[in-house]
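Please open the structure in a viewer and keep the selection tool at hand. The tour below proceeds stop by stop, with each term explained where it is needed.

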Amino acid sequence: MLEWMTAGESHGPALVATIEGVPQGIRLTTAVLRAALARRRLGHGRGARQRFEEDEATILAGVRHGLTTGAPIAVQIANTEWPKWRVVMSADPVDPAELLKDAGTGDEREIARNRPLTRPRPGHADLPGMVSYDLDDARPVLERASARETAARVALGAIAEQLLEQVAGVRLVSHVVGVGAEAAAPGPLPVPEDAASLDASPMRTLDEEAGARFVGAVDAAKRAGDTIGGVVEVVAWGVPIGLGSHVSAHRRLDARIAGALMSIQSVKGVEIGDGFAQAALPGSAAHDEIVRDGRGRPTRASNHAGGIEGGTSNGQPVVARAAFKPISTVPRALRSIDLATGEEAVALHQRSDACQVVPGAVIAQAEVALVLADALFEHAGGNSVDEMRRNLESYLNRVEERLCPND
């Protein structure tokens, strides 16, 4: 199985990501990771931080001359803003006098970096984190809970996508299907070849009319001193039948995807395939009938299930959606209390995006890739990419015998 982990704080010296189990022989370079991280920085509605902070990705271990070695892979993403945060985020003790200096920017809405943060934001991890970890300052909570951590997940997802494509030909794509109350019209699913067009779109959509409405919704929220959420969709093409399992709850592919997507900061809802809309259909219309295609091979008349039945991939494209709530750092600040005094107050304000759904789609794609790569490894695992290919080929040959006995 694949195992991965991230470490680091939003304003610490770096984020670090590790993944173990990647077989020997996967082609991987720093450029692949940097391209994925650059994609995460795109999109209308991003905050000022995206303009001046770069993602300096470095592969520290597990790759030699562009090929994975089979050893654990470690990636570092340096924080180019670290010099401004050396004192407040220092791992070692600092002179208390240093923390008395005003390190703010002059923006009254932004709490000076060195001061304790005691006015938790509604909707954020601030209050429950401070209480459960017995902290008198929200800084340790918000630094780790920040969506900045997802840069490390995107790097891991890029590695997973290389494994999926090079072993099984699986490719992923993601797009935005809704912002606030605005939604794109139903249409064909995007394909991997649409990636460049999606990257070029301010709202990561192929529907230009919907994209204009999305931009308008984001701009209206920003003018109102507010934030706005939305819905993203991830599509995985070429997923072989049989990934995941019906035998145990923790092995169900849809459950694993749902858990991975729900782990993303701000995600409050997940659906596989038609999800909630499917619940409103009668059974005769809700399920994907099994038919023969023009070549006589089994296929489906529809894909309401989003490519997963009984916790197992069924050979159709895997489709998953995630709903992002508006970012909880609201510029016009919501009501809160000051935990230092017990008095009513307005919530603290930190720099943030007005809308995070465009990078949210990229992050969601990374999470789905990690789950699918892990499920593929369970089914066709090996120490090298060639071994995995042989294992998968043997399995798919048997699938062919079962489903197309007359060929």
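Two strands are said to pair if DSSP finds at least two bridges between them. Helices (H or I, at least four residues) and strands (E, at least two) are DSSP runs, numbered from the N terminus. The model is a predicted one, in which local features need pLDDT of at least 70 and side-chain atom pairs count only at pLDDT 80 or more, while totals for chains, interfaces and linings use all residues. Residues are numbered from 1 along each chain as its sequence is written, and side-chain values use heavy atoms, with hydrogens and water left out.

**First stop: the sheet**

Select residues 171-179, which form strand 7, and residues 230-237, which form strand 9. These two strands pair in the antiparallel sense over 8 bridges. Within this pairing, H175 has E233 of strand 9 as its bridge partner. In general, strands of a sheet pair through backbone hydrogen bonds, in either a parallel or an antiparallel manner.

Now extend the selection to the whole open sheet, in which 5 strands follow the order 8-7-9-15-10 with antiparallel pairing. Which strands stand at the edges? They are strand 8 (182-183) and strand 10 (267-272); each has a single partner strand, so one side of each is left without a neighbour in the sheet.

Add helix 7 (residues 208-223), which packs on the sheet and touches strand 7 and strand 8. Contact here means heavy atoms within 4.5 Å. The direction of helix 7 makes about 60° with that of strand 7; axes are lines fitted to C-alpha atoms, for helices over the stretch in contact, and angles run from 0 to 180 degrees between N-to-C directions.

**Second stop: two covered helices**

Select residues 150-168, helix 5. From its first C-alpha to its last, this helix of 19 residues reaches 26 Å, close to the expected 27 Å. The expected span is 1.5 Å times one less than the number of residues. Of the 19 residues in helix 5, 16 are buried, where buried means under 20% relative accessible area, exposed over 50%, and partly exposed in between (1.4 Å probe, protein chains only). Just after helix 5 comes G169, with a positive phi near 75°.

Proceed to helix 11 (residues 357-380). Its 24 residues reach 34 Å between the first and last C-alpha, close to the 34 Å expected. Because 22 of these 24 residues are buried, helix 11 is largely enclosed by the rest of the structure.

**Third stop: salt bridges**

A salt bridge is a side-chain nitrogen of Lys or Arg within 4 Å of a carboxyl oxygen of Asp or Glu. The structure holds 20 of them.

Display the side chains of R256 and D374, which meet in a salt bridge at 3.1 Å, N to O. R256 lies in helix 8 (residues 253-262) and D374 in helix 11, so that the pair links parts of the chain 118 residues apart. Are these two residues buried or exposed? Both R256 and D374 are buried.

Next, select E309 and R300, whose salt bridge is 2.7 Å, N to O. E309 counts as partly exposed because its relative accessibility is 32%, whereas R300, at 18%, is buried.

Finally, select R398 and E401, joined by a salt bridge of 3.1 Å, N to O. Both residues lie in helix 12 (residues 385-403), 3 residues apart, about one turn of the helix. R398 is partly exposed at 47% relative accessible area, and E401 is partly exposed at 49%.
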